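Reader: I would like to go through this structure step by step, with short reasoning for each point. Please begin once it is on display.

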Amino acid sequence: MNVLWVADLFTDDTSHFQLGTGEIFVAGSGAEALALFRQQAIEVVVLNTPLPDWTAVDLISEMHALSPLVPVIVRHPDPTLSEAVHLTRAGAHEVLAANGSMDELAQTLRTCPELCSDTDAAAPEEVWRSMLIGSSQPMKELHEVIRLVGPRRCTVLIGGETGTGKEVVARALHLASPRGGIPMVAVNCAALPEHLLESELFGHVRGAFTGALANRTGRFEQAHRGTLFLDEIADLPMELQAKLLRVLQERELQRLGSSETVRVDVRIIAACNADLLDRVRTGRFREDLYYRLNVVPVTLSPLRDRPGDIPALVAHFIRRVAGNEGIRPKHVVPEALHRLMTYDWPGNVRQLENAVETAMVLTGNRDVLRPEDFRLPHVPLERRAVSTARPVIPVPDAGLDFERTVGAIEMSILEEALRKTNGNKKQAAEMLGLKRTTLTAKLKSLEETLAYN
């Protein structure tokens, strides 16, 4: 069992709890702890508070964002009941007195392998499946892709509108792989200027540029034997695209200012909300890098295309907010749920999460959430028409024959399916999610309707 021991001063005898064949990694600050957490396959964290640079709550939050399954045991100098509750809600596995016996700590540590192994042994897939909320057809297809692709080393390019959950899917892919025991490393390529982004990705040596006062390990090296998630990859500058391509091809890099070659074993998952192929056509993204990244493309559906997932998402966000804020979960009345399911959601799942959190907080002690509690900005009709890409049937001033118009649309769909399957009704029915008898009956009924009218 690999233990990360975090303490301002390391004075304890840890021989009591050096279990199995693992190692003990010692960090004297929060920053050093995070660096080790990213680099090593840490299984348990022992966090001695206080630290000189991080609060226990912030450090736990940062660690769980990287790897949510790693237990964190907090040793506190004054573990009052309120403080213990506060730390437990923040994600601490156990809160112990800092002056307690090492035997007590050793006993607590012995429960952690059971905790981890039970979670994995019960069903490894359950960990990542629980991160993906919804049972719509797009979500079922996404589950299947992750099940098949997750265990492989192949590069994945995740596309989709802003707020659809691309990083969540990246973490699910990571946890579904043999690399899931190592924290995933994430970089937002749009968040840093070019000169800082290069150092962030590849690292630098002391003196490489003004302000480089010490060597820095880049994100690629931090993700060695794990996964590197490159978000907003479309914004990567052209010069860095060439360097990224070399790392993907050769699996090696050079730190900024160094001629030394460093070998890395990293799985790449990239994401963008832009049309990357369009950027290739306009010369803003390298074509060779595009095909290196686009080995397995995954496109996330916008929330408006899967409204049936909204009730489950709302329930999930209510539980999360209630846990984070220490309040009771609330009930959503059917009218409010209907409003949420018929809204267009230009900000997708992220906007829904924010709407639920706002409603939970601003309704105080009230146990019920009503339609007016969800503050949803108006979505212009133009935005809906463009974003949904749904066909709009014009209604002339003189009116139209509704049954005939709808029948003609249905008939055209059936005929197209039959055309693609060379008239095979069984295959056409499967393509449309129908039974063969249902398709045959619909054809007969529509032929009679259209002939009659």
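Author: This is a predicted model. A starting point is the largest cavity, whose lining includes Leu66, Ser67 and Pro68, then Arg171, His174 and Leu175, and also Gly180, Ile182, Pro183 and Met184.

Reader: Which helix gives the largest share of the lining of the largest cavity?

Author: The lining includes Arg171, His174 and Leu175. Helix 7 spans 166-175. The largest share of the lining, 3 residues, comes from helix 7.

Reader: How do the residues of that cavity lining divide by class, and what is the volume of the largest cavity?

Author: The lining divides into 6 nonpolar, 3 polar and 1 charged. Counting cavities of 30 Å³ or more gives 1 cavity. The largest cavity has a volume of about 40 Å³.

Reader: What is the volume of the largest pocket, and which residues are the closest to its centre?

Author: The largest pocket has a volume of about 1,700 Å³. It is lined by 42 residues. The closest to the centre are Met131, Val168, His316, Arg320 and Glu353.

Reader: Which helix gives the most to the lining of the largest pocket?

Author: Several elements each supply at least two residues of this lining, among them helix 2 (56-66), helix 3 (81-90), helix 6 (137-149) and helix 15 (348-362). Strand 12 (296-299) also supplies at least two. The most, 6 residues, comes from helix 13.

Reader: How many residues in the lining of the largest pocket are charged?

Author: The nonpolar class has 17 residues in this lining. The polar class has 14, and the charged residues number 11.

Reader: What is the strand order of the open sheet that contains strand 12, and which are its edge strands?

Author: This open sheet has 5 strands with parallel pairing, in the order 7-8-11-6-12. An edge strand here pairs on one side only, and the edge strands are strand 7 (185-188) and strand 12.

Reader: Within that sheet, which residue of strand 11 is the bridge partner of Val156?

Author: Strand 6 covers residues 156-159 and strand 11 covers residues 267-272; the two pair in the parallel sense over 4 bridges. Neighbouring strands of the sheet are turned by 20° against each other on average, direction ignored. The bridge partner of Val156 in strand 11 is Ile269.

Reader: There is also an open sheet with strand 1 in it; what is its order, and which residue of strand 2 does Leu4 stand opposite?

Author: The order is 2-1-3-4-5, with parallel pairing of the 5 strands. Its edge strands are strand 2 (24-27) and strand 5 (94-97). The twist averages 20° from one strand to the next. Strand 1 (residues 3-6) runs parallel to strand 2 and is joined to it by 4 bridges, and Leu4 stands opposite Phe25.

Reader: Is Arg219 buried or exposed, and which side chain does its own side chain make a polar contact with?

Author: Arg219 lies in helix 9 (residues 219-222). Its relative accessible area is 13%, and because buried means under 20%, Arg219 is buried. Its side chain makes a polar contact, at 2.7 Å, with the side chain of Glu200.

Reader: Why does Thr440 count as partly exposed, and how far apart in space are Thr440 and Lys425?

Author: Thr440 lies in helix 19 (residues 436-452). Its relative accessible area is 28%, and because partly exposed falls between 20% and 50%, Thr440 belongs to that class. Thr440 and Lys425 are 15 residues apart in sequence, and C-alpha to C-alpha they are apart in space by 7.6 Å.

Notes
Residues are numbered from 1 along each chain as its sequence is written. This is a predicted model: local features need pLDDT of at least 70, side-chain atom pairs count only at pLDDT 80 or more; totals for chains, interfaces and linings use all residues. Side-chain values use heavy atoms; hydrogens and water are left out. On a 1 Å grid over the protein atoms alone, a cavity is a set of points where a 1.4 Å probe fits but cannot get out, and a pocket is an open set with protein on both sides within 12 Å along at least five of seven lines; lining residues have an atom within 4 Å of a point. Grid points are joined across faces, edges and corners, and a volume is the space filled by probe spheres set on the points. Ala, Val, Leu, Ile, Met, Phe, Trp, Tyr, Cys and Pro count as nonpolar, Asp, Glu, Lys and Arg as charged, and the others, Gly among them, as polar. Two strands pair if DSSP finds at least two bridges between them. Axes are lines fitted to C-alpha atoms, for helices over the stretch in contact, and angles run from 0 to 180 degrees between N-to-C directions. Buried means under 20% relative accessible area, exposed over 50%, partly exposed in between (1.4 Å probe, protein chains only). A polar contact is a pair of N or O atoms within 3.5 Å; within protein, one must be able to donate a hydrogen and the other to accept it, and residues adjacent in sequence count only if both atoms are side-chain atoms.
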